[in-house]
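Visitor: I should like to go through this structure one point at a time. Please show it to me before we begin.

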Amino acid sequence: MHIESGVSLRPHNTFGLPAVAHTLVRVASDADVRRVVDHPTLGAAPVFVLGGGSNIILTRDMPQLVLKVEVMGRRLVETRDNEWIVEAGAGEGWHDFVMWTIEQGLPGLENLALIPGTVGASPVQNIGAYGIELAERFESLDAVDLRTGLTVTLGPEICAFGYRDSVFKHSLAGKVVITRVRFRLPRPWKPVLGYLELERKLAETGFTRPTPQQVANWVIDIRRAKLPDPAVIGNAGSFFKNPVVTPEQCRDIIGRDPEIVHYPMPDGSMKLAAGWMIDACGWKGKSVGQAGVYEKQALVLVNRGDAIGSEVMTLAKAIQESVYGRFGIRLETEPVVV
Ligand SMILES: Cc1cc2nc3c(=O)[nH]c(=O)nc-3n(C[C@H](O)[C@H](O)[C@H](O)COP(=O)(O)OP(=O)(O)OC[C@H]3O[C@@H](n4cnc5c(N)ncnc54)[C@H](O)[C@@H]3O)c2cc1C
């Protein structure tokens, strides 16, 4: 356990927003988290759990105790007839872990390559991309309960995964620290290529049986072409969730805006492309102060230099209002606003 005071969080969030943590504690094990819980002063403070800072918008300094999770390690836990179970420490980088599984001959996460952040945060918003969601590969996780200091193992039912959502954004927010996550990787491996841009890659390359590494490379290429690299332009990925509406609502919107991009969902509902709606309202390339809408993808808000959290939220609110005014849809933010 390593305790620091007055820590700038700018290098700890991919949007590059300024904020100072009154106290930041690095935890590298369950025992470290327990030491915090049992500590006479630290144990009484409200906690914010920090991973790689790629899904947070910092709007102010943080009086809470910031716990930076640095639990490491990755291993094959078990080989079953129809799946492998692999485990990684919450502090492992997500992309490095995905590439490690491929190198070890344990594929199944390749569609989620290049998502920034840590393994520990992956269940929090049930990360998803290119046809796969974490929930489809999730076995269980270990977390330390910040009220009792005990390590608990939670399965998928308790995690209550939804679209970019889980129990860790609701009743367990700030109450547990995820320290290890286990994944179920189906064997034999079958590529998941239903996503339009992956189908296009398949057609372009002429491969009939791509390897997991090839699928990962395609995903990486597609992502690099359309998303800004946070190391170059500060951002938090998709800023808004794609709204899910009933087929009737969708028909109504199509009646007024025939070109709206929409996808049918397995349960019969329809998902609307939030980026398309924001673009249709004329926001692409616009700014409020130093916070802007990315030129190549209107779903991504970016830091044009020295943006502060309040500028980002003013821009987000203006976008929400104009989308509501035109489409009658309330966009929800995807990152956690702190
Ligand atoms: C360029 C870019 C592209 C992105 N693309 C995608 C994408 O394709 N799909 C997608 O789903 N997301 C995407 N994201 C969002 C982000 O990468 C993911 O949400 C990621 O899982 C966040 O990880 P993190 O470690 O940075 O979490 P942080 O931002 O540090 O934290 C996010 C939330 O998780 C909580 N948390 C973090 N670690 C723990 C822990 N160990 N225990 C308990 N709570 C914890 C925090 O308190 C906070 O509420 C993208 C972001 C960027 C910048």
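Guide: Helices, of at least four residues, and strands, of at least two, are DSSP runs numbered from the N terminus. The model before us is a predicted one.

Visitor: In which loop is serine 269 found?

Guide: One of the two flanking strands is β15, which covers 262-264. The other strand is β16, covering 270-272. Serine 269 is therefore placed, under the numbering of DSSP runs, in the loop between β15 and β16.

Visitor: Is serine 269 buried or exposed?

Guide: Residues under 20% relative accessible area count as buried. Serine 269 has a relative accessible area of 12%, so the residue is buried.

Visitor: Which residue is joined to serine 269 by a polar contact between side chains, and what is the distance?

Guide: Serine 269 touches Val244, Val245, Pro247, Tyr263 and Pro264, residues up to four places away in sequence not being counted. The polar contact joins the side chain of serine 269 to that of aspartate 267, at 2.5 Å.

Visitor: Why does asparagine 111 count as buried?

Guide: Asparagine 111 lies in the loop between α2 (94-103) and β8 (128-129). Leaving aside residues up to four places away in sequence, asparagine 111 touches Ala129, Tyr130, Ile132, Val192, Leu198, Val215 and Val219. Asparagine 111 counts as buried because its relative accessibility is 0%.

Visitor: How far is a polar atom of the side chain of asparagine 111 from the backbone oxygen of valine 192?

Guide: Valine 192 is among the residues that asparagine 111 touches. The backbone oxygen of valine 192 and a polar atom of the asparagine 111 side chain are separated by 2.9 Å.

Visitor: Is proline 11 buried or exposed?

Guide: Proline 11 has its place in the loop between β1 (2-8) and β2 (20-27). Its C-alpha atom is separated by 23 Å from that of serine 29, 18 residues apart along the chain. The relative accessibility of proline 11 is 66%, so this residue counts as exposed.

Visitor: What radius of gyration does the protein chain have?

Guide: The secondary structure comes to 8 helices and 20 strands, and the C-alpha trace spans about 60 × 50 × 35 Å along its principal axes. Buried residues make up 48% of the 338 residues. For a compact globule of 338 residues a radius of gyration near 20 Å would be expected, so the chain agrees with it at 20 Å.

Conventions:
Residues are numbered from 1 along each chain as its sequence is written. This is a predicted model: local features need pLDDT of at least 70, side-chain atom pairs count only at pLDDT 80 or more; totals for chains, interfaces and linings use all residues. Side-chain values use heavy atoms; hydrogens and water are left out. Buried means under 20% relative accessible area, exposed over 50%, partly exposed in between (1.4 Å probe, protein chains only). A polar contact is a pair of N or O atoms within 3.5 Å; within protein, one must be able to donate a hydrogen and the other to accept it, and residues adjacent in sequence count only if both atoms are side-chain atoms. Contact means heavy atoms within 4.5 Å. The radius of gyration is taken over C-alpha atoms; the globule rule is 2.2 Å times the number of residues to the power 0.38.
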